[in-house]
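Thanks, everyone; I would like to spend a few minutes on some helices and on how they pack. Please have a look at the sequence and the structure first.

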Protein chains: 2
Amino acid sequence: MARNKQPEETVNLILDVSFRLFMEKGYEHTSIQDIIDHLGGLSKGAIYHHFKSKEDILVAVTDRMTAESNQMLAEIRDRADLDGKEKLKRIFKDSINRPVQNDIFTIAPDFHSNSKLLFSLLHDTIENVAPNYILPILRQGIADGSIETDYPEQLAELILLAANVWMNPMIFDSSEEESFRKFMILGQMLKGFGLDIMDSEMLERLTELTAIYRKNKG
Amino acid sequence: MARNKQPEETVNLILDVSFRLFMEKGYEHTSIQDIIDHLGGLSKGAIYHHFKSKEDILVAVTDRMTAESNQMLAEIRDRADLDGKEKLKRIFKDSINRPVQNDIFTIAPDFHSNSKLLFSLLHDTIENVAPNYILPILRQGIADGSIETDYPEQLAELILLAANVWMNPMIFDSSEEESFRKFMILGQMLKGFGLDIMDSEMLERLTELTAIYRKNKG
């Protein structure tokens, strides 16, 4: 049993160091050699034993972040004191307010040159987040009368595609003005499904995140 | 002048042959060698002079199709006898009714292993189709009172992202039942923007296209 512990520790060390370097230098400007230089004597072979490429490391780093995000989503989904619509609003708010969002927008990988990450995000959004977190909330909302739709599976996908993909400046580059306008259209779309859940506090935070991203990218 | 003609003819020949092979065998099952074997003595070097990879050829094949599609979009955009909302409905109808849609769904490339094609589609949708074809129609609709929105640029993007990307079974695999449900949610979304433009004829054609795709993929 003890023999299995070391690889996990090695992987975590590689991910910690990579995450810090991605944050400091940006993903595009960090090389595998930079990561090795900060691993205190760990060999190139040891890294390549666990990860095929820098992009593989990035996917693992973001997987760790996704696990934290899923934890947050699960907690809101399972709360007993909110109706469906309130939970959906809470999820929007908490998702953009997580401090790790600043980190992600600071690392700011360019999805156009990191296709594996884009697929991993699209896949996770549609195959995991939509059915496991948003769908149960929409179903609760239908049952408690706070949400109206006949197709909750598809509505969950459409909401996430708009919020996580279209509004993501790492995938579709947006100025602060464009982020504002996307936010307004998303709010109008949600209202069309009876979901009046966007507020000015969310808008301010979103504008802040866009500014962080553009500062680090520029 | 005459010397420039030959490369164009060579490129067109390569694209014609590749298109036919992609149709007959499917993109994934066509090799560069298959294409060479059907080019009547053209050397491997001649192909690689024009295209870096099979994926490059696929992008060029779809670019040719896109040019035809843009021609159709421009004709509807420039019609004098329709208001904004009617033009948008016409575009939906004509887009899915084009015979070339059957061809595309027969070639059925797997976007997950052809990232360049996915980026090319996403890029073309947001950077070209939205501002050049859908936006002028939404603006006309705002002026003639048939469409209501304060953010036509973003609405154009959101509509296309839903219709061209999310509803595209080559990007997000859908059963016929799921295609139907996506169509219903897209219709509900458009109604939320005052755009009651989806009808049962479109739904039937969409179901037909999904069936063509699934048959060729399976």
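The crossing of α4(A) and α5(A) is right-handed, and I should say at once that we are looking at a predicted model. These two helices, the second of them covering residues 84–97 of chain A, pack with their axes 10 Å apart and at an angle of about 155°; since angles over 145 degrees count as roughly antiparallel, α4(A) and α5(A) are therefore roughly antiparallel to each other. On the α4(A) side the contact is made by A:Met72, A:Leu73, A:Ile76 and A:Arg77, which meet A:Lys87, A:Arg90, A:Ile91 and A:Asp94 of α5(A). Sorted by character, the residues of this contact comprise four nonpolar and four charged, with no polar ones.

Staying with α4(A), which runs over residues 54–77, its 24 residues should span 34 Å at 1.5 Å a residue, and because its end C-alpha atoms are indeed 34 Å apart, the two values agree. Buried in this helix are A:Ile57, A:Leu58, A:Val61, A:Thr62, A:Ser69 and A:Leu73, and A:Leu73 also belongs to the contact with α5(A).

Let me now turn to chain B, where helix α9, residues 176–192, has 17 residues and reaches 25 Å from first C-alpha to last, close to the expected 24 Å. Its buried residues include B:Lys182, B:Phe183, B:Leu186 and B:Gln188. What do the buried residues of α9(B) pack against? They pack against α8 and α10 of chain B, together with α8 and α9 of chain A. After α9(B) comes B:Gly194, which has a positive phi, near 80°.

Definitions and conventions:
Residues numbered from 1 in each chain as written. Chains lettered and ligands numbered in written order. Predicted model: local features only at pLDDT ≥ 70, side-chain atom pairs only at ≥ 80, totals over all residues. Helix = DSSP H or I, 4+ residues; strand = E, 2+ residues; numbered from the N terminus. Expected span 1.5 Å × (residues − 1). Buried ≥ 20, exposed ≤ 12 C-beta atoms within 10 Å, placed from the backbone. Contact = placed C-beta atoms within 7 Å. Axes fitted to C-alpha atoms, helices over the stretch in contact; angles between N-to-C directions. Parallel < 35°, antiparallel > 145°, perpendicular 65-115°, else oblique. Left-handed = near helix turned anticlockwise from the far one by under 90°. Nonpolar A, V, L, I, M, F, W, Y, C, P; charged D, E, K, R; others polar.
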